[in-house]
Structures are given as structure tokens and as C-alpha cells.
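Hi everyone, thanks for making time today. I'd like to walk you through a structure that may be new to most of you, so let's bring it up on the screen.

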Amino acid sequence: MVTTNCQEIAGANCTVPISGNTLEELKRNVFAHAQQDHKDMLAKMSPQEQAKIPQQIEAVYNRKTAGAPAR
């Protein structure tokens, strides 16, 4: 399981823990959190900025799982 937060992903001032067992689950959980708690911030982001979020999530996931034992 990987746990992250908005601050780690996008530098936002939010440290609510968001977890996922897989990259796809983590992405779903991050976007669900953003839709619920950061609608205003998402509305102000350009489509280009929003398009970068999945890559940022993937970078955090890869960094945190690098060298982790296989399950």
C-alpha cells in the first residue's frame, strides 16, 4: 500500500493521507479526494495543469515502491 497526500503530489497545502494498493487505486482515491475537498482548486487549474496530475501521482507511487519487495 502506498500513502501520499496533495502536498506531495502537487505542492498543495493539504496533508490528508490518501492510500491505494495499486497505482490505479491510488489515482482513483486521489481524484475522489480532490473532487470532494478541492473543487475550487481544480476549477482554477487549466486543462494542461489537470493533465499533469496523473503523472505526478505515478511519480510519487514509483518513488515509494522502488525497491519494495514484490507481493
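I'll talk about how two helices meet, and then about the salt bridges. Please keep in mind that this is a predicted model.

Let's begin with the helices. Two packed helices are described by the angle between their axes and the distance between the axes. Here the pair to look at is helix H2, residues 23–37, and helix H4, residues 47–65. Their axes come within 10 Å and cross at roughly 130°. That angle makes H2 oblique to H4, because angles that are not roughly parallel, antiparallel or perpendicular count as oblique. As for handedness, the crossing of H2 and H4 is right-handed.

Which residues in H2 and H4 meet? From H2 we have Leu23, Leu26, Lys27, Val30 and Phe31. Facing them from H4 are Ile53, Pro54, Ile57, Glu58 and Tyr61. If you sort the residues of this contact by type, you get 8 nonpolar and 2 charged, with no polar ones.

Now for the salt bridges. How many are there? The count comes to 3.

Let's take Glu8 as our starting point. Its side chain meets that of Arg63 in a salt bridge, at 3.8 Å from N to O. Glu8 sits in helix H1, residues 6–10, and Arg63 in helix H4, so this pair ties together parts that are 55 residues apart in sequence. Glu8 also meets Lys64 in a salt bridge, with an N to O distance of 3.1 Å. Lys64 is in helix H4 too, so the pair of Lys64 and Glu8 links parts 56 residues apart in sequence.

Are these side chains out in the open or tucked away? Glu8 is partly exposed, with a relative accessible area of 32%. Lys64 is partly exposed as well, at 34%.

The remaining salt bridge takes us back to H2. Lys27, which we met in the contact with H4, pairs with Glu24, their closest N and O atoms being 4.0 Å apart. Lys27 and Glu24 are 3 residues apart in helix H2, so about one helical turn separates them. Is Lys27 buried or exposed? It is buried, because its relative accessible area is 15% and the cut-off for buried is under 20%. Glu24, on the other hand, is partly exposed, at 47%.

To put the bridges with shared partners together, Glu8, Arg63 and Lys64 are joined into one network.

That's my tour, and I'm happy to take questions.

Notes: Residues are numbered from 1 along each chain as its sequence is written. This is a predicted model: local features need pLDDT of at least 70, side-chain atom pairs count only at pLDDT 80 or more; totals for chains, interfaces and linings use all residues. Side-chain values use heavy atoms; hydrogens and water are left out. Axes are lines fitted to C-alpha atoms, for helices over the stretch in contact, and angles run from 0 to 180 degrees between N-to-C directions. Helices (H or I, at least four residues) and strands (E, at least two) are DSSP runs, numbered from the N terminus. Angles under 35 degrees count as roughly parallel, over 145 as roughly antiparallel, 65 to 115 as roughly perpendicular and the rest as oblique. A crossing is left-handed if the near helix is turned anticlockwise from the far one by less than a right angle, and right-handed if clockwise. Contact means heavy atoms within 4.5 Å. Ala, Val, Leu, Ile, Met, Phe, Trp, Tyr, Cys and Pro count as nonpolar, Asp, Glu, Lys and Arg as charged, and the others, Gly among them, as polar. Buried means under 20% relative accessible area, exposed over 50%, partly exposed in between (1.4 Å probe, protein chains only).
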